[in-house]
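I opened the notebook for a friendly look around this one. Below are my entries, in the order I made them.

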Amino acid sequence: MLHEKLCSLEKSEPHPQTTLCSVVCTGTCSHFNALSCDECLQLGPRCAWCTLQNFTDFFSINERCDTPEALLQKGCSGKFVEFPVTNVKVLKDQGLGKSANHTNVSYVAPQKMRLQLRPGSQLTFQIQVQEPEDHPVDIYYLMDLSASMIDDLKMIKDLGSMLSKEMATLTSKFRLGFGSFVEKPVLPFIKITHEELANPCRSVDYECLPTFGYRHLLSLTSSIDKFNEIISKQQVSANIDVPEGGFDAIMQAAVCGDRIGWQNNSMKLLVFVSDADSHFGMDSKMSGIVVPNDGECYLDDNNEYSMTAHLEYPTLGQLVEKLVENNILLIFAVTDNQRQNYENYASLIPGATVGVLASDSRNILELIMTSYKELRSEIDLEVLGNTEGLQISFTALCQDGTIIPGCKNCSNVKAGDVVSFNVTVELKGCLAGPRRFSLRPVGFQDALEIELESQCVCDCHQTPEASSAFCSRGRGALECGTCVCDPGFVGPKCECTEGQEQISDCRQILMCDYMCSGLGECFCGQCVCHPSSFGRVYGPYCECDNFSCLRFRGELCGGHGECDCGECVCHSGWMGEFCNCSTSNNSCLSPDGSICSGRGKCVCGKCECTVPGASGEWCQRCPTCGDICITFYFLNCLCNCLYNYSTDCPEPPNAPLIALGVCMSVLIIGIMLLVIWKFLVSVHDRKEVAKFEAEKAKAKWQSGTNPLFRSSTSTFKNVTYKSRGQQNTYIS
């Protein structure tokens, strides 16, 4: 909605002068300048419209749209306020299960309701579900009859009898059916030579049936003998690729309800048995089949899928749609090597489970019973229908007393247990028409049907007063307190003709001669102010607003006043240009009960000290002010002296003598400390000299040649000089 978008914009890009969300999102609907009742309702769930005829004599037309409380303060009494409220109406509720006093037993309550929501509003209701004690069960056994399943076919020859015996302890209404599948009988999924078509197992020297897509063999029946008989007659077939055409078979078993024999009130279980993956989607394009699967039933007179070679495999989404639509629960019984593939499929199919099948299907009975009990022990709500534009949330109230917000399923449910779900529906915006959807527990036939209407149209628009005297003597119809003018007339009361202008009435010289201050348009002699996302623009010339006042600490008028035409109008107890000054003196009272300790004045809730030297929160500190008792004593003495003309008052102390005494004392103490320090230093020096002399006397010096010393004189013989007995000496 508009106000939600504006709020999100404000949060991401806040305006420096105002906070839009603090004004708009708190429900002040008049800021959007709605000009009709319908526009007003769409602004938010707290917006109401005043239909009082003379309301605009004191307020502009957009002021008709506001919260009910604000309209009441403006003088619009309750009978003139158009304010549709969100409500829920239960249309059908016949109770649960055996407790219902009706022939048609239901396991979901209520069964039908109507919701009426304002845009942006939400409501919560409760739905109850009971697990049936003797629920009819239909099991359709859909088996892969490719050659690899030959040992499985032998193992299930008594499956019908065993299933019937086990199910008898859980329900008295149990039926079985049977169908089989292999693959599309086209290239490249099979070999198409004449011999291979007749016997696809020819290469392994075994006689088997020609390849077929899907074959329905036994409609759901309570005759276990018929089921066993059909099983005993089955033969395998073959194909040459690994994946099979199982999804073709699931689609036909789901949509051919009349041929299969599904009961409306039964728990429908489709047991899919295979040891291979399945083709889906566009896999058939490699065989030249390009026509999409249409989800229709195509069983011929022989109960075979007649379009297997003409339609593509169904997509997983198509399977989900048809299984949910026909309320069929799928049990995948597959071998361990295919478990992961089918778990991925089951995660997308409501109510589907996966069980690991032994290589020869010897555990098929245990697998079916385990899956059935698992499905019976869990109640999971699903939403069906068109819920676009709605937000639906759930809270589960399970049978053991646990409350799980955000959850729509309960586990470990036993036959006869009742669980509840709180369902919250929120409407984002107006709907084009009634919206229908339903809530149904997975595997149940019963459901809660819901019809939802958006309250975006005012009732007062349904009963207009044509040619009303209020609209300039019949120039328009009166709807919701405002005039809807006839062609050729305009104005709040249709008082002007189209094209008529009275610009001179809209001019204001003080606003630089701009028409309507540049913030509106002249309409039939009056200024119609433009809407502003920051607040309200008003005044005869659109010269005023309620958002351009001064701010204190980021808040308009300090948070203690209202902005009116650019000036702050302070609330009671506040004053000042910013409305940030309290008029109360309570915060200025000192502990002795005086205001600012008698040394200052209270300004804006704080003490301003006026006595020199006074300080502190209440001016309680003042070193230069003196003790009040001493001051009073001296003043009393002075008064007595003057009055008695005597000099009996004590003489003041001799200040120069006191100062001289203090100086002499400091000087003497300093000299004494200096003498003591000099004496201690001299004693220490004498001790150090004596110690040095003693060490010197103990030292013994030796003379000798220093091995590191080398003389500067060198003597050598000059071999070229032959003078007898003579040598040359050099000093280097």
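Is Tyr313 buried or exposed? I looked it up: Tyr313 has 1% relative accessibility, so it counts as buried (buried means under 20% relative accessible area, exposed over 50%, partly exposed in between, with a 1.4 Å probe and protein chains only).

**Ground rules.** I noted that this is a predicted model, where local features need pLDDT of at least 70 and side-chain atom pairs count only at pLDDT 80 or more, while totals for chains, interfaces and linings use all residues. Residues are numbered from 1 along each chain as its sequence is written, and side-chain values use heavy atoms, with hydrogens and water left out.

**Overview.** I found 16 helices and 38 strands in the protein (DSSP runs numbered from the N terminus, helices being H or I with at least four residues and strands E with at least two). Of the 732 residues, 40% are buried. I also looked at contacts (heavy atoms within 4.5 Å): among those with a separation of 6 or more, 60% join residues 24 or more positions apart.

**Around Tyr313.** I searched the whole structure for aromatic pairs and got 15. For these, rings of Phe, Tyr and Trp (its six-membered ring) pair if their centres lie within 6.5 Å, and planes under 30 degrees apart count as stacked, over 60 as edge-to-face and the rest as tilted. One pair is Tyr141 with Phe227, edge-to-face at 6.5 Å centre to centre and 85° between the planes. Tyr141 is in strand E8 (residues 137–144) and Phe227 in helix H8, so this pair ties together parts 86 residues apart in sequence. Both Tyr141 and Phe227 are buried.

Tyr313 has a partner too: Phe189 pairs with it edge-to-face, 6.1 Å centre to centre and 65° between the planes. Phe189 lies in the loop between strand E9 (174–181) and helix H7 (194–198), and Tyr313 in the loop between strand E11 (267–274) and helix H11 (316–325), so the pair ties together parts 124 residues apart in sequence. Phe189 is at 1% relative accessibility, so I logged it as buried.

I then checked for charges over rings (NZ of Lys or CZ of Arg within 6 Å of the ring centre and within 35 degrees of the ring normal). Lys184 puts its charged end over the ring of Tyr313, 4.7 Å from the centre. Arg215 lies over the face of Phe212, 4.0 Å from the ring centre.

**Ile190.** I stayed in the loop between E9 and H7, where Ile190 is found. Ile190 counts as buried because its relative accessibility is 5%. Beyond its neighbours within four places in sequence, its contacts include Lys184, Leu197, Thr211 and Ala238. The C-alpha atoms of Ile190 and Ala238 are 8.0 Å apart, across 48 residues of chain.

**Back to H8.** Which residues of H8 does H6 meet? I listed Ile224, Phe227 and Asn228, met by Leu159, Gly160, Ser161 and Ser164 in H6. By class, this contact has 3 nonpolar, 4 polar and no charged residues (Ala, Val, Leu, Ile, Met, Phe, Trp, Tyr, Cys and Pro count as nonpolar, Asp, Glu, Lys and Arg as charged, and the others, Gly among them, as polar).

**Last stop.** I closed with Glu451 in strand E20 (residues 448–454). At 15% relative accessibility, Glu451 counts as buried, and its contacts beyond four places in sequence include Arg114, Arg435 and Arg436.
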